[in-house]
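The exercises below are to be worked with the sequence and the coordinates open. Each task is followed by a solution in steps.

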Amino acid sequence: MLEDTKAFLSSPLGSFINNQWVLRDDAAISEIIDPCTTETIASVQRGTEADLNAAVDAANEAFPAWSALSADERAGHLHRLADALEANFDTIAEIETLDVGKTITNTKGFDIPFGVDCLRYFADLSKTLPTDTELDIKDMEARIHRVPYGVCGFIFPWNFPYNLLLWGIVPALAAGNTVVIKPAELTPLSTLFFAKLAEAAELPAGVLNVVTGSGSVIGNAMCNHPKMKRVSFTGSSEVGKQIGATCGGNLIPCKLELGGKGAAVVFEDADLDLAAEQLSAAITFNTGQVCCTATRWIVHESVADAFTQKVTDLLKAVKIGHGLQEDTGMGPMASEKQRQTVVDYLQKGQAQGATALLAGECLRPEGCEKGYFMSPSLLTGDIDNICFKEEIFGPSAYLTTFTDEADAMKQVHSIEYGLANSVFTQDMERANRVANNMAAGNNWINAHNVFAYGLPYGGVNLSGLGGGVNSPETYYDYLRPQTVARPL
């Protein structure tokens with residue numbers, strides 16, 4: 001473990017409000033566990049409703065000055081934060097790996113650099129996108145003028161704490177809002193380290209606030225606070241409905257990025273090696289704890305056997321171990337609770353008639369005898385099975401076959417999720433037709449899990465509402481439109 005990581009994890013950790021660390025002798029404590037070893041790696045004090053209120057007040061006080069800065073000045077702050085992340089690249093990568101269990105290869109190759117790019121992308125974008133749109137209306141001088149909302153609240157999940165943090169708050173900050181963040185109680189460490197970097201980079205007090213604690217206390221208080229002007233929640237569809245109902249009751253605009261049960265349609269002319277590589281990687285990336293991953297593999301009956309052989313060979317070859325080992329291909333589940341959730345789904349699926357083409361098993365890799373490890377699994381059966389219909393959130397997929405395009409599309413649309421699908425075929429006319437017609441926020445061709453800044457990402461139906469991430473549309477999500485008009 002790096003010395004900077006040790007120093008951070010051994011220091012007192014709690015809420016960060018108005019550029020001050022809030023630490024109390026009588027605070028309740030959350031023990032943060034390394035899922036690779038089940039050892040406690042840090043202790044974090046839980047915030048209270050009073051802390052949330054203080055954070056909102058601090059953000060509200062900071063808002064006028066922050067929003068009054070020019071886009072160039074706010075962009076300068078964001079670029080300094082990006083510089084700080086780059087200067088602490090190895091430390092934050094190690095913190096994220098220890099906290100979530102994901103591989104250091106993924107945190108260094110994807111999470112951390114993609115987060116740095118997020119800061120730079122929205123910093124630069126904010127300097128070029130107009131906040132005014134002229135309207136061509138007879139006998140009138142009129143325009144739409146966009147202004148920041150004010151205090152924006154963010155509730156984040158445990159699977160990608162660092163990247164989802166940045167995807168959420170950076171466009172809001174770039175647009176001139178101030179933020180209050182509730183990280184997942186299970187994985188708060190990279191968010192708290194980011195707050196430490198923000199403090200060191202002299203981000204103005206109150207612009208960024210972090211309140212640790214449970215969703216039932218902190219999240220509920222956030223969604224009911226009268227000074228909260230916008231709320232963003234990323235997590236399960238079930239909790240998203242509750243958040244949406246609470247915000248709706250208080251007339252707080254709410255953005256929901258929710259779960260998924262992605263479908264990958266593999267046609268008879270597909271490059272099966274490519275499809276197997278992409279889809280095996282999809283369910284092992286972050287140990288399958290990815291809302292947009294493809295877990296329903298809908299394969300043409302004529303190539304199902306060949307595809308199954310290729311993909312199971314790849315899944316069997318994945319090296320499972322501690323995330324800090326450079327050659328690890330898949331780490332543990334983030335918690336024993338989540339591992340047991342996957343085990344329960346597999347048992348229910350097989351009880352309902354599914355066949356295990358590859359059995360998922362709890363493992364004890366060498367050197368990690370107490371971690372929350374599990375091998376990948378692949379089931380097959382009919383589309384009424386619970387493992388086809390419900391999000392499992394683990395390294396597990398469910399394979400069905402189809403006869404023609406209509407059959408494939410019927411299976412794709414047999415459930416109500418709508419986050420991310422993919423189609424594999426060498427017929428580009430068919431690829432685009434199928435991609436156009438699959439009901440989801442994101443449909444990818446001959447690939448799965450495709451992300452880039454400038455490429456909008458969001459969900460529909462049970463997978464979310466209220467906008468997406470990573471694009472100019474996201475920036476405008478955090479600017480409230482108002483009309484200005486003068487009769488001529």
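**Exercise 1: A seven-stranded sheet**

Ile298 stands opposite Thr400 in S18. The model is a predicted one.

Task: State which strands pair here, in which sense and over how many bridges, and place them in their sheet.

Solution.
- Step 1. The pair consists of strand S13 (residues 294–300) and strand S18 (residues 396–402), joined in the parallel sense over five bridges.
- Step 2. Read the strand order of the open sheet: S14-S17-S18-S13-S12-S20-S21, seven strands with mixed pairing.
- Step 3. Find the edges. Strand S14 (355–358) and strand S21 (442–445) are the edge strands, and each pairs on one side only.
- Step 4. Take the average turn between neighbouring strands of this sheet, which is 25° with direction ignored.
- Step 5. Look for packing on the sheet. Helix H15 (residues 428–437) touches strand S20 (420–424) and S21, and the direction of H15 makes about 170° with that of S21.

**Exercise 2: The surroundings of Ala263**

Task: Decide whether Ala263 is buried or exposed, and list which residues it touches beyond four places in sequence.

Solution.
- Step 1. Locate the residue: Ala263 belongs to strand S12 (residues 262–266).
- Step 2. Apply the cut-off. Buried means under 20% relative accessible area. Ala263 has 0% relative accessibility and therefore counts as buried.
- Step 3. List the contacts, leaving out residues up to four places away in sequence: Arg296, Ile298, Val412, Ala420, Asn421 and Ser422.
- Step 4. Compare sequence and space for one of these. Arg296 is 33 residues from Ala263 in sequence, yet the C-alpha to C-alpha distance is 4.6 Å.
- Step 5. Turn to the neighbouring strand. S12 and S13 run parallel and are joined by five bridges, with Gly262 opposite Ala294 in S13.
- Step 6. Check the burial of S13. Seven of its seven residues are buried, so S13 is largely enclosed by the rest of the structure.

**Exercise 3: The edge strand S21**

Task: Which residues of S21 point to one face and which to the other, and how does S21 pair with S20?

Solution.
- Step 1. Follow the alternation along S21. Asn442 and Trp444 point to one face and are buried, whereas Asn443 and Ile445 point to the other face and are not.
- Step 2. Identify the pairing: four bridges connect S20 and S21 in the parallel sense.
- Step 3. Name an opposite pair. Trp444 in S21 has Ser422 opposite.

**Exercise 4: Two helix contacts of H6**

Task: Classify the contacts of H6 with H7 and of H3 with H6, and give the make-up of each.

Solution.
- Step 1. For helix H6 (residues 161–174) and helix H7 (residues 189–200), the axes come within 8 Å and cross at roughly 55°. This angle makes H6 oblique to H7.
- Step 2. The handedness of the H6 and H7 crossing is right-handed.
- Step 3. From H6, the residues Pro161, Tyr162, Leu165, Leu166 and Ile169 meet Ser190, Thr191 and Phe194 of H7. The residues of this contact comprise six nonpolar, two polar and no charged.
- Step 4. For helix H3 (residues 71–87) and H6, the axes are 10 Å apart and the angle is about 160°. Angles over 145 degrees count as roughly antiparallel, and H3 is therefore roughly antiparallel to H6.
- Step 5. The crossing of H3 with H6 is right-handed. Arg74, Leu78 and Leu85 of H3 make the contact with Tyr162, Leu166, Val170, Leu173 and Ala174 of H6.
- Step 6. The residues of the contact of H3 with H6 are seven nonpolar, no polar and one charged.

**Exercise 5: A three-stranded sheet**

Task: Give the strand order of the sheet that contains S5 and say which strands stand at its edges.

Solution.
- Step 1. The sheet is open, with three strands in the order S5-S6-S24 and antiparallel pairing.
- Step 2. Strand S5 (132–137) and strand S24 (479–487) are at the edges. Each has a single partner strand, so one side of each is left without a neighbour in the sheet.
- Step 3. S5 and strand S6 (residues 140–148) run antiparallel and are joined by six bridges. Leu135 has Ala142 in S6 as its bridge partner.

**Exercise 6: The buried side of H8**

Task: Which residues of helix H8 (residues 215–223) are buried, and which elements do they pack against?

Solution.
- Step 1. The buried residues in H8 are Ile218, Gly219, Ala221, Met222 and Cys223.
- Step 2. These buried residues pack against helix H2 (49–68), strand S7 (151–155), strand S8 (178–182), strand S10 (230–234) and helix H9 (237–249).

Terms used
Residues numbered from 1 in each chain as written. Predicted model: local features only at pLDDT ≥ 70, side-chain atom pairs only at ≥ 80, totals over all residues. Heavy atoms only, no water. Axes fitted to C-alpha atoms, helices over the stretch in contact; angles between N-to-C directions. Parallel < 35°, antiparallel > 145°, perpendicular 65-115°, else oblique. Left-handed = near helix turned anticlockwise from the far one by under 90°. Contact = heavy atoms within 4.5 Å. Nonpolar A, V, L, I, M, F, W, Y, C, P; charged D, E, K, R; others polar. Pairing = 2+ DSSP bridges. Buried < 20%, exposed > 50% of the residue type's maximum accessible area, 1.4 Å probe, protein only.
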